[in-house]
Amino acid sequence: MPAEGVDLTPSPKILSQNEIVRLANLFVSSGVEKIRLTGGEPTIRKDIEDICLHLSNLNGLKTLAITTNGITLARKLPKLKECGLTSVNISLDTLVPAKFEFMTRRKGHQKVMESINAAINLGYNPVKVNCVVMRGFNDDEICDFVELTRDKPINIRFIEFMPFDGNVWNVKKLVPYSEMLDRVVKRFPSLKRLQDHPTDTAKNFRIDEHAGVVSFITSMTEHFCAGCNRLRLLADGNFKVCLFGPSEVSLRDPLRQGANDHELREIIGSAVKRKKASHAGMFDIAKTANRPMIHIGG
């Protein structure tokens, strides 16, 4: 969270439940099989359960996931599971409560840990835990996070620190995948690479006799652009084909102006065709204006 906070998007600019479901249906009927609800923070929407129920009933959708800060998730997850939520990612960058409060500018570390355990108890397997690694802040906790996978079906996902507006990115804060991997192997020598799906954004590993999995998302040092099939629809209805690209096209405006499904598909198709072969590289990305990650959604 930036020190000055973030400006909240006025409600009229945010997609309504019906608009979300209509646009989602266009994507799913065009071949999308997985939808992830992300943030800001998706659980603060009062209609999140209804959104999940409608999305989970879309013909052709195989996976409905959520990425959340976990603050209120333990309380809401039983109902969300009833409404068709099939996969859970929880963002947690530190296991130290004081560091958590410094980074997020709020208390709540214990609530996040409770949400992780609640997800496990409800049968989510694996429960994915996203950890952005930053030198001098939490890189000393890498092996502590790996320990979470020993007895629980947790997939800890170490993410290279990426440049976005408001996060004061500096290459000196970046802990590269090779260094993270080296630290883990030294402590857990039985670490073995798993077979990844061609469109996986993560490099996945297992440790002997551990219930969970360890993954690395190497967006900066070993990008996976060639296999990336992710598309992002922001809360305000803007459509991004690359997380790191500044270009966006509004689907909300033509939707509200009466565009039919064919016209909306044309807009979506044109944007996807303009998707570049790879992102610009971390130093150029750092110099490019883009929204804060808290607006884009992770």
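How are helices α2 and α3 oriented relative to each other? To answer this in the viewer, select helix α2, residues 48-56, together with helix α3, residues 73-82. Their axes come within 9 Å and cross at roughly 25 degrees. Angles under 35 degrees count as roughly parallel, and α2 and α3 are therefore roughly parallel to each other. The crossing in which α2 passes α3 is right-handed. Displaying side chains here shows which residues make the contact: Ile-48, Glu-49 and Cys-52 on α2, and Lys-76, Lys-79 and Leu-80 on α3.

**The whole model**

The structure on display is a predicted model. Zooming out to the entire protein brings 11 helices and 11 strands into view. Of its 298 residues, 47% are buried. Among contacts between residues at least 6 apart in sequence, 68% join residues at least 24 apart.

**A second pair of helices**

Next, select helix α1, residues 17-29, and helix α9, residues 261-273. These two pack at an angle of about 70 degrees, and their axes are 11 Å apart. That angle makes α1 roughly perpendicular to α9. As the view is turned, α1 may be seen to pass α9 in a right-handed crossing. On the α1 side, the contact is made by Arg-22, Leu-23, Leu-26, Phe-27 and Ser-29. On the α9 side, the residues to highlight are Asp-261, Leu-264, Arg-265 and Ile-268.

**The sheet of eight strands**

Now colour strands β1 to β8, which form an open sheet with mixed pairing. Following the sheet across, the order is β1-β2-β3-β4-β5-β8-β7-β6. Which strands stand at the edges? They are β1, residues 34-37, and β6, residues 192-193. Each has a single partner strand, so one side of each is left without a neighbour in the sheet.

With the sheet still coloured, add helix α7, residues 177-187, which packs on it. This helix touches β4 (127-133), β5 (154-160), β6, β7 and β8. The direction of α7 makes about 160 degrees with that of β8.

**From β6 to β8**

Proceed to the β6 end of the sheet, where β6 and β7 are joined in the antiparallel sense by 2 bridges. Here Arg-193 stands opposite Phe-205 in β7. Phe-205 is also a useful residue on which to centre the view, since another residue faces this position from β8: Phe-205 stands opposite Val-214.

Select β7, residues 203-206, and β8, residues 213-217, which pair in the antiparallel sense over 3 bridges. Lys-203 may be found opposite Phe-216 in β8. β7 and β8 form a hairpin, with 6 residues between them. In the turn, select Glu-209, which has a positive phi of about 65 degrees.

**Asp-151 and His-210**

Asp-151 is the next residue to select; its place is in the loop between α6 (142-147) and β5. Is this residue buried or exposed? Asp-151 has 67% relative accessibility and therefore counts as exposed. Add His-210 to the selection and display both C-alpha atoms, which are 6.2 Å apart in space. In sequence, Asp-151 and His-210 are 59 residues apart.

**The sheet of three strands**

Strands β9, β10 and β11 form an open sheet in the order β9-β10-β11, with antiparallel pairing. The edge strands are β9, residues 232-233, and β11, each of which pairs on one side only. Select β10, residues 238-240, and note the 2 bridges that join β10 to β11. Asn-238 stands opposite Ser-250 in β11.

**Ser-250**

The tour ends at Ser-250, which lies in strand β11, residues 249-250. Its relative accessibility is 18%, so Ser-250 counts as buried. Which backbone nitrogens does the side chain of Ser-250 reach? One belongs to Arg-252, at 3.4 Å. Another is that of Asp-253, which lies 3.1 Å from a polar atom of the Ser-250 side chain. Finally, display Gly-237 and Asn-238: leaving aside neighbours within four places in sequence, these are the residues in contact with Ser-250.

Key. Residues are numbered from 1 along each chain as its sequence is written. This is a predicted model: local features need pLDDT of at least 70, side-chain atom pairs count only at pLDDT 80 or more; totals for chains, interfaces and linings use all residues. Side-chain values use heavy atoms; hydrogens and water are left out. Two strands pair if DSSP finds at least two bridges between them. Helices (H or I, at least four residues) and strands (E, at least two) are DSSP runs, numbered from the N terminus. Contact means heavy atoms within 4.5 Å. Axes are lines fitted to C-alpha atoms, for helices over the stretch in contact, and angles run from 0 to 180 degrees between N-to-C directions. Buried means under 20% relative accessible area, exposed over 50%, partly exposed in between (1.4 Å probe, protein chains only). A polar contact is a pair of N or O atoms within 3.5 Å; within protein, one must be able to donate a hydrogen and the other to accept it, and residues adjacent in sequence count only if both atoms are side-chain atoms. Angles under 35 degrees count as roughly parallel, over 145 as roughly antiparallel, 65 to 115 as roughly perpendicular and the rest as oblique. A crossing is left-handed if the near helix is turned anticlockwise from the far one by less than a right angle, and right-handed if clockwise.
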